[in-house]
Amino acid sequence: MATSVHVDSGNSGSDLVKDYVCGGCESRTIYESADYFCATCTKFFCRKCIDPHDQIYANHSKYGRGEKNKWPLTKTMEDLLLKCDVHKDEKLKMFCQDHSQLCCTDCVLLNHRQCTKMTLISESVKTKSFDMQQVSSNLQTIVDKLHKVKSKQEGRIQSIEVSCREKLHEIRDLKKKLNATLDELENITLKELDEIRTSLQICLKKDIDNCSRLKDDLQTLSEAVNSLCDKSRKDLEFIVSRKCLDKIQESESYLKENPAKVPSSIIFRANTDIEQYLSKQFGLGRILESMQSLTVTRKSEYIVKIQSDRVDLQITGICSLPSGQVIVADFNNNKLKLLDQHYKVSSHCDVSYSPRSICQITSSEVAVTMDKDVQFISVSNGKLVNGRKFSLQHNVNGIAHHRGALYITSGTALYHYTLTGSLVKKLYEDAGGDVQ
């Protein structure tokens, strides 16, 4: 019997899976990888156990690992092949000819109850023949292609890392340039502030000096006037009276004209254009994906029209789900259609208006735009189910979902909404542009 055993290698990064185990060693609870299969005994042997076997059964047909195509399947492989890809705990038992799908009992119950051509796998194989060599060749061809794609993608990961580091330096260099520009603007403004301060201080100090000079002159004359009292010096009284009159007139003229002309404070009017411009920006630049080349390798056409369609369909939106299913928006027939992995319509649902655009919300839910509404639709048990809906004050055309936020276009504007329909911000509007 072909058995398999999972043996811990002691390394945290990998495990050794021994696909075929020596039967003789296994009977002694020793799990040794088999190197030979005896078709006569239908048993496996390691290198040590094959020698005594050959001494007793020299004429038995045995095959080494170089002829593994003559070995039976391991139980692990057999279980893997029989397991349903959708319902992991169920085994494949039926084949749906309507959809060309292998099915377990759950698949039949949930997704194929309306199918008319369901047969047991055991019955289907009686009328079919299989060229396993061709299947093996096809598999190897696809494996080689996948290996090439995997190698390319691994190389692109490295390229992305290098590109990311380069762009990081560019972003930081741009930030340094912006900071240097702001520093220069700051220095120009500070220099202007210092020049105004110096100019005002010079004017005020000049006023202080003039006030001190006039005050000293007036005090000196005041002392002279006091000294001449009762001295009967008419000539000096005349002179001091004249000088006092001149000095008082000079002081009054100065008080009247000069001090009010010099400001006592400084006002700073910020350039709000700079702050407003920066506050409207979403970053130091846009990060874009650069595709070196894009080649169309295959084109296929599929019929997605169904019997209930009233007119010829017009596909305005398409969304691929992780399950391999695809949802398309049929604008003319007010329908959403679910396509299976073979791009056949497996379910559909009607909507209130002509659907325009679709975006994925979760692995089984999408959001659809139509008229002024956003309709959420989920996939449940292979069927499309209408969910919640919210209405907006403007037309809704395009829609995208990113990290819990919805980005919706109206034709001339781009809006940021929450998943519940609350407006966060109008991001952009081209009031004079044509509706897109």
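These legends describe close-up views of a predicted model.

**View 1. Four strands form an open sheet in the order β9-β10-β11-β12.** The pairing is antiparallel. At the edges lie β9 (315-320) and β12 (345-350), each of which pairs on one side only. From one strand to the next, the twist averages 20°.

**View 2. Strands β9 and β10 make a hairpin.** They pair in the antiparallel sense, with five bridges. Cys319 is set opposite Ile327 of β10. Five residues lie between the two strands. In that turn, Gly324 has a positive phi of about 95°.

**View 3. Strand β10 (residues 326-330) is mostly covered.** Five of its five residues are buried. The cover extends to both faces of the strand. One side carries Val326, Val328 and Asp330, all buried. The other side carries Ile327 and Ala329, buried as well. Ile327 also has strand neighbours: it stands opposite Leu338 in β11, and Cys319 stands opposite Ile327.

**View 4. Strands β10 and β11 form a hairpin with four residues between them.** Asn334 takes a positive phi near 55° in this hairpin. The two strands are antiparallel and share five bridges. Among the facing residues are Ile327 and, in β11, Leu338.

**View 5. Strand β11 (residues 335-339) pairs with β12.** The sense is antiparallel, and the bridges number five. Leu338 has Ser347 as its bridge partner in β12. Leu338 also stands opposite Ile327 of β10. Strand β12 is an edge strand, pairing on one side only.

**View 6. Lys337 forms a salt bridge with Asp309.** The closest N and O atoms are 2.6 Å apart. The pair links distant parts of the chain, 28 residues apart. Lys337 belongs to strand β11, while Asp309 sits in the loop between α8 (272-279) and β9. Are these two residues buried or exposed? Both Lys337 and Asp309 are buried.

**View 7. Lys337 also meets Asp330 in a salt bridge.** The N to O distance is 3.1 Å. Both Lys337 and Asp330 are buried. Asp330 is one of the covered residues of β10, on the side with Val326 and Val328. Which residues make up the salt-bridge network around this pair? The linked residues are Asp309, Asp330, Lys335, Lys337 and Asp350.

**View 8. Lys247 and Asp217 join two helices through a salt bridge.** Their side chains meet at 3.2 Å, N to O. The pair links distant parts of the chain, 30 residues apart. Lys247 lies in helix α7 (residues 234-257). Asp217 lies in helix α6 (residues 132-228). Why does Lys247 count as buried? Its relative accessibility is 15%, and the cut-off for buried is under 20%. Asp217 has 26% relative accessibility, so Asp217 counts as partly exposed. By the rule applied here, the count comes to 22 salt bridges.

Conventions: Residues numbered from 1 in each chain as written. Predicted model: local features only at pLDDT ≥ 70, side-chain atom pairs only at ≥ 80, totals over all residues. Heavy atoms only, no water. Pairing = 2+ DSSP bridges. Axes fitted to C-alpha atoms, helices over the stretch in contact; angles between N-to-C directions. Salt bridge = Lys/Arg side-chain N within 4 Å of Asp/Glu carboxyl O. Buried < 20%, exposed > 50% of the residue type's maximum accessible area, 1.4 Å probe, protein only.
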